[in-house]
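User: Please take a close look at one strand in this model and at the parts of the fold around it. I would like a connected account rather than a list.

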Amino acid sequence: MDELIERVDERDRVLGVVRRDEAVRHGWLHRVAVTVCRDRDGRILVHRRSRHVSRFPGCYEVAVGGAVAVGESYEEAARRELGEEMGVSVAPVRFVVRFLNRSGLSPHWLAVHEAVVPGSLAPGVDEVAWHGWLEESELFEFMRRRAFTPDSGPMLDRYLRASGQ
């Protein structure tokens, strides 16, 4: 069974509980939380999704995250996803910006966080095929040459503007 999430409205108010695949299929708004990870030198974590994941297999991403579960806060979801995908427990994640994102599989409220994480990660092999740390100047060239998830660009743009980068 697909994960249960909260369907929300244009103001991010809960309308009910649905399966995530239903929300995507019908284009219903729901919540997603991501974290831009930086190391102590300020580099940004980039990773390539496994070819076995259902959404955007083999594409690169500049944030770690996923759907917010029923009753979970954006921050709780961001921390949980960091643990599931990168095998790291980081507290706290810092909220940066939230916006209505229409560039992914379906529209969703996207809360972007940031965290400083240790250099050694233990990514889940079922979800992450590769990861590496890039300077911002390297990241933009890297993004031009590779296939990234559709919401990576808009998310990174909002993150950088909101965080003053």
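The account below starts from strand β3 and works outward to its surroundings.

Analyst: The model is a predicted one, and every value here is computed from it. Strand β3 spans residues 31-38, and eight of its eight residues are buried. Neither face is left open: R31, A33, T35 and C37 are buried on one side, while V32, V34, V36 and R38 are buried on the other. The charged ends of the strand, R31 and R38, are thus on the list of buried residues along with the valines.

Two strands pair with β3. With β8 (108-116), the pairing is parallel and comprises eight bridges. Within that pairing, V32 stands opposite L110 of β8. With β6, residues 64-67, the pairing is antiparallel and comprises four bridges. There, A33 has G66 as its bridge partner.

The chain leaves β6 through a loop towards α2, and V68 sits in that loop. V68 counts as buried because its relative accessibility is 3%, below the 20% cut-off. Leaving out residues up to four places away in sequence, V68 touches R31, V32 and A33 of the strand, and also I5, E6, S73, Y74, A77 and R80. The C-alpha atom of V68 is 9.6 Å from that of E3, although 65 residues separate the two along the chain.

A second loop residue to consider is S106, which lies between β7 (94-101) and β8. At 6% relative accessibility S106 is likewise counted as buried. Beyond its neighbours within four places in sequence, S106 is in contact with A23, V24, G27, W28, H30 and N101.

Helix α4 also meets the strand: its buried residues pack against β3, as well as β5, β7, β8 and α3. Those residues are S152, M155, L156, Y159 and L160. They lie on the same side of α4 because they cover an arc of only 125° around the axis. An α-helix has 3.6 residues a turn, so residues three or four places apart point the same way. After α4 comes G164, with a positive phi near 75°.

The contact between α4 and α3 appears from the other helix too. Helix α3, residues 136-145, has L139, F142 and M143 as its buried residues. Their arc around the axis is only 100°, so they are on the same side of α3. S137, R144 and R145 are exposed on the other side. The buried residues of α3 pack against α4 (152-162), β4 (44-49), β5 (60-61) and β9 (128-134).

Finally, the strand takes part in the largest pocket, whose volume is about 630 Å³. The pocket is lined by 33 residues, and those closest to its centre are R20, R49, R55, G65 and G66. G66 is also the bridge partner of A33. β3 is one of the elements that give two or more residues to the lining, together with α1 (20-26), β4, β6, α2 (74-86), β8 and α4. The largest share, four residues, comes from α2. By class, the lining has 12 nonpolar, 10 polar and 11 charged residues.

In short, β3 is buried on both faces, is paired with β8 and β6, is packed against by α4, and gives residues to the pocket lining.

Technical notes. Residues numbered from 1 in each chain as written. Predicted model: local features only at pLDDT ≥ 70, side-chain atom pairs only at ≥ 80, totals over all residues. Heavy atoms only, no water. Buried < 20%, exposed > 50% of the residue type's maximum accessible area, 1.4 Å probe, protein only. Arc of directions from axis to C-beta. Contact = heavy atoms within 4.5 Å. Pairing = 2+ DSSP bridges. 1 Å grid on protein atoms, 1.4 Å probe; cavity = no way out; pocket = protein on both sides within 12 Å on 5 of 7 lines; lining within 4 Å. Points joined across faces, edges and corners; volume = space filled by probe spheres on them. Nonpolar A, V, L, I, M, F, W, Y, C, P; charged D, E, K, R; others polar.
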